[in-house]
Amino acid sequence: MESVELKVEMVGIHEKRLRKCLSKLKGIERVEVDANSQKVVVTGYAHRNKILKAVRRAGLKADFWSAQNELLNAYACSASYGSLRFNNHSFF
């Protein structure tokens with residue numbers, strides 16, 4: 001059994017579409033969706049490229065999850081644009 005992590009750009013209504021398209025694939029055991037970080041973990045016996053292709057066919061932008069996505073997500077959660085301050089001086 002293999003776990004495939006995907007970064008999927010979605011809003012609330014897309015989660016239902018995502019689960020529906022993945023449920024049609026043979027070999028899928030479990031689908032976990034984290035809407036805040038736009039991360040989807042698919043566990044099962046289906047090939048990773050078939051999973052990605054199915055999500056893209058459903059009209060969603062998707063790519064394989066990478067370490068760079070982890071860093072970007074952590075940065076986005078910790079700091080927002082325009083709020084950087086250093087020694088009480090605003091730079092933005």
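Which residues touch the most other members of the largest nonpolar core? In this predicted model, they are L6, V8, L18, L22, V40, I51 and V55, which belong to a core of 18 residues.

## The nonpolar core

Let's see where that core comes from. Two or more residues are given to it by each of β1 (2–9), α1 (12–23), β2 (28–34), β3 (39–44) and α2 (48–57). A general point helps here: in soluble globular proteins, nonpolar side chains tend to be buried together.

V8 is a good residue to click on, being among the core members that touch the most others. Setting aside neighbours within four places in sequence, V8 is in contact with Q38, V40, V55, L60, K61 and A62. Two of these partners, V40 and V55, also appear in the list of best-connected core residues.

## The chain as a whole

Stepping back, the protein chain has 3 helices and 6 strands. Following the sequence, they come in the pattern β-α-β-β-α-β-α-β-β.

The protein chain holds 92 residues, and 29% of them count as buried. Its accessible surface comes to about 6,900 Å², with 52% of that belonging to carbon and sulfur atoms. Among contacts in the chain with a separation of 6 or more, 60% are between residues 24 or more positions apart.

## The four-stranded sheet

An open sheet is formed by 4 strands, ordered β2-β3-β1-β4, with antiparallel pairing. At its edges are β2 and β4 (61–64), each of which pairs on one side only. From one strand to the next, the twist averages 25°.

Now for the individual pairings. As a reminder, strands of a sheet pair through backbone hydrogen bonds, either parallel or antiparallel. β2 and β3 are antiparallel and share 6 bridges; here D34 has K39 of β3 as its bridge partner. β1 and β3 also pair in the antiparallel sense, over 6 bridges, and E5 is matched with V41 in β3. Between β1 and β4 there are 4 bridges, again with the strands running antiparallel, and K7 finds its bridge partner in D63 of β4.

## Helices against the sheet

How does α1 lie relative to the strands, and what angle does it make with β2? α1 lies across β1, β2 and β3, and runs at about 165° to β2. α2 packs on the sheet too, touching β1, β2, β3 and β4, and its direction makes about 165° with that of β4.

The two sides of α1 are worth a look. H14, L18, C21 and L22 are buried. Viewed down the axis of α1, its buried residues fall within an arc of 95°, so they line one face of the helix. On the other side of α1, the exposed residues are G12, I13, K16, K20 and S23. The cover over the buried residues of α1 includes β1, β2, β3 and α2.

## A close look at T43

Is T43, a residue of strand β3, buried or exposed? T43 has a relative accessible area of 8%, and a residue counts as buried under 20%, so T43 is buried.

Which residues does T43 touch, beyond those up to four places away in sequence? They are M1, E2, S3, G27, I28, E29 and R30. Of these contacts, E2 and S3 fall within β1, while I28, E29 and R30 fall within β2.

Methods:
Residues numbered from 1 in each chain as written. Predicted model: local features only at pLDDT ≥ 70, side-chain atom pairs only at ≥ 80, totals over all residues. Heavy atoms only, no water. Core = buried A, V, L, I, M, F, W, Y, C linked by side-chain atoms within 4.5 Å. Buried < 20%, exposed > 50% of the residue type's maximum accessible area, 1.4 Å probe, protein only. Contact = heavy atoms within 4.5 Å. Pairing = 2+ DSSP bridges. Axes fitted to C-alpha atoms, helices over the stretch in contact; angles between N-to-C directions. Arc of directions from axis to C-beta. Areas by Shrake-Rupley, 256 points an atom, 1.4 Å probe, with all protein chains shown as cover.
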